[in-house]
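Look at the sequence and the model below. This report covers a pair of helices and a pair of domains.

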Amino acid sequence: MTDLWPRIEGLIREAGRGIERPARYINHEWGCTYKPEAAYRFCMTYPDTYELGQANQAVRILCNCVNAVEGMAAERAFLPAADMCDLMRECGIPAFSLESCAPVAEFDAVGITLPHELAATNVLEFLDLAGIPLHSSERDDAHPLIMAGGPCAFNAEPYAPFFDVIMLGEGEEALPELLQLHRSMKAAGASRADILHEMAKVPGTYVPSLYEEVSEEEAQRTGFWVRPVFDDIPQTIEKRIWEGFAESDAYEPTIVPFTEVVHDRLNVEILRGCTRGCRFCQAGMMYRPVRERSADNIVSAVCRGLAETGYDEVSLMSLSSTDHSQIEEILRRLNHALDGRGISVSIPSQRLDSFGVEMAELVAGGKRGGLTFAPEAGTQRLRDVINKNVTEDDLFGAIDAAFSAGWRRCKLYFMIGLPTETDDDIKGIASLAQRAYDRAKRAVPENQRGNVRMSVSCALFVPKAATPFQWDGQIAPEEAQRRIDLLRRSVKYKAVDVHWHEPDVSLVEAMMSRGGRAVARVVEEAWRGGARFDAWTEFFSLETWRRACEECGVSMEGVAQTQWDTSYAVPWAHLSAGVTRKFLERERKLAFKEKTTPDCTMGACSVCGICPTPYSGIQTQEVRHG
Amino acid sequence: MADFRLRVTFNKSGRLGMLSHLELARALERAVRRADLPYAVTQGFSPHMKIAFGAALPVGVESICEIFDVSLTEYVPAQEALERLQRASAPDLMPRAARYLQTGEAAASVAFPISRYEVRLSVPANALRVPEQIVVVRKKKEKVLHPAEFIRSMRFGAEDGQGGECVLAFELEAKKTGSLRPDVLLDAMVKESGVQDARVLSIVRTEQRPLSATV
């Protein structure tokens, strides 16, 4: 493979201080895997800069999986920062991988994870920089296989034309399967078309070029917006679940970056899946069933990982770590093992209803920065609608425990624009936050009360595929702004500050979340109009997206805001997270009746469709308590 | 507390020349942990490793004489500590010597105010001129520096360079009021001389030393 490093190094030196953070591009980090002799080469990509993507779990896991295959090597690639992209284009240097600094276009296959709805234009920026045709239909045998996966695969239609293959669900087994299929068919001289057809038969694999769009009328009649062009590929693609997760080693080879990145610590995945069943939450649907790794596995993985990386912080990762049935044991054992070494153990997400005095003590670890809780809604009524089963008592109990144990700062996450929301619910957020602040102050010695800080962070509700609220439209940005202003007026305490997400950005997110293949045309038009790094405030431009929508004859508001009846066939009906449509419909009905559904790992099975027989897919180490 | 202070001398070379001082500090701390050295930890609410670094090196400047001091709670023979560190280090950030400090020895960041740099250039070094003053921006304010105050010596021409490369060597003194960065000085010299297409190929700190006893 071509070594681009001499040219890239030259470019960086020439540019001097004109290129920010050159450490993004140098690789050679501790913990890198080099397999120069491997004949089949895979390039795993995160569609944003190094500092945002390096800690990404999918990148780490899938590189390790592919490197474990005989004769295969995986390398990482990230999108260079905007200044570097422009300079590379000027000098004719294509997008490159890190480990061997090889052009991305020289790889056998390229995998791009789709982490959120604003990464689409970056995908195109990356493909363009790599010199790879943007459309699957324009690629031939000289081009690598372009694959996608990750959360956005559950509504993949806005990305459909750009990818040869889209993988649904967990890739630990599926990715090596597909790559080995690719390798053997290529060796046998098979054509690209034949390879894609064969791949479409592999469970969990969506090959968009083999599914044609149908008319609106046919879509609503049959229930599907696209139809397979062959009889031997499925109408519905079901996500892959890696059955071996719980038994597998929690220790993963980890790369230690030189430059500062987000989540720059040892990340150990302790559990997968969350069945609390919050009705707005796509992750809860995408990753079920719940599977826990054992305390022994986790404790040993943390100790080994710290020894091998030299990190001073470890995070026990999952969607809801305090729900792990052995979490207290794990924290106790880790605090003991790491005592006196200046190493902190953190938990990214704590459930309010499982955060009590004991947890507060255990998660201490010396560094008491800020705690984050997510009540999501300001009134019990709305919390019941969204099935976020936490009460005010849970919140205040957690605050008592945390602030008595030494915390001083707390961040509360809420959402604005949830279905059935009224102004009372918005005022409820202010009331809850202020009462939480009062409670926090009471839990703290008088001379430290001035240090107590409470902050409220509001996201705008984005309806997501495979959730009970997938048929609900997003509220208009003007209405969102009105509610934000109402919230700000309602929060009287100076010590409680309010942050919110830009409604314009959320509008584009909602269009990407709910769109069909027509939105893919908008994505391309937006990119051609200059859109990239949309998740960065300094780059996002609603104007560019609006112009793109006009060019393509797509109504942004129409896609994002239209309220659909539950009988409406959604654009992603052919892509399944394993939960049934009936389940989603039932959950939505219950939402509007303000009735809650319990977590099946602690209560009755909610018949979501994921387990072959009730509870059979769940793997917890011990009994879970609510 | 009877901490043992180990001073480690290391190289900063190759691609890792592009690391900033903070990035370097972070990388070294991690190497110390990987080496499983019994490092001391500060007391208090947010315990962290007791490690101190030498004078900062800008992005793009390499070195064969960087230092850090790490406090250990137990005595590990210096050679063994060095070997453990080397096994845990990236090749371009390689420790090459280690010794324990005597009581009262100056801390890493202030012990060696004089730094010697060797520079490889794309044009003959004697084509460059040192300007009278250099304007730098510090904390959004413009500040005027006089190179003569910082430059202790300067030698033009191929000295230790191989194969006819153009080498320039100079010594800079870090003052209490501030320092003149070697890369800033070179950029100013290139600009001042007006030589077309003059490029700095590499800058390497080759020595750090204390102020001389006599001028």
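How far apart do the C-alpha centres of domain 1 of chain B and domain 2 of chain B lie? They lie 27 Å apart. This is a predicted model: local features need pLDDT of at least 70, side-chain atom pairs count only at pLDDT 80 or more, and totals for chains, interfaces and linings use all residues. Residues are numbered from 1 along each chain as written, chains are lettered from A in the order written, and side-chain values use heavy atoms, without hydrogens or water.

**The domains of chain B**

The domain bounds come from an automatic or database assignment.

| Domain of chain B | Residues | Residues in contact with the other domain |
|---|---|---|
| domain 1 | 4-111 | 13 residues |
| domain 2 | 114-209 | ten residues |

Contact means heavy atoms within 4.5 Å. The two domains of chain B bury about 860 Å² between them, 56% of it on carbon and sulfur atoms. Buried area is the accessible area (1.4 Å probe) lost on being put together, summed over both parts. One salt bridge is counted between the domains. That term means a Lys or Arg side-chain nitrogen within 4 Å of an Asp or Glu carboxyl oxygen. B:R205 forms a salt bridge with B:E66, with the closest N and O atoms 2.9 Å apart.

**The helices of chain A**

Helices here are DSSP runs (H or I, at least four residues). The axes of α15 (residues 423-442) and α16 (residues 477-490) of chain A come within 9 Å and cross at roughly 35 degrees. Axes are lines fitted to C-alpha atoms over the stretch in contact, with angles from 0 to 180 degrees between N-to-C directions. Residues of α15(A), including A:I426 and A:A430, meet residues of α16(A), including A:L486 and A:L487. By class, this contact has five nonpolar, two polar and four charged residues. Ala, Val, Leu, Ile, Met, Phe, Trp, Tyr, Cys and Pro count as nonpolar, Asp, Glu, Lys and Arg as charged, and the others as polar.

Key. Helices (H or I, at least four residues) and strands (E, at least two) are DSSP runs, numbered from the N terminus.
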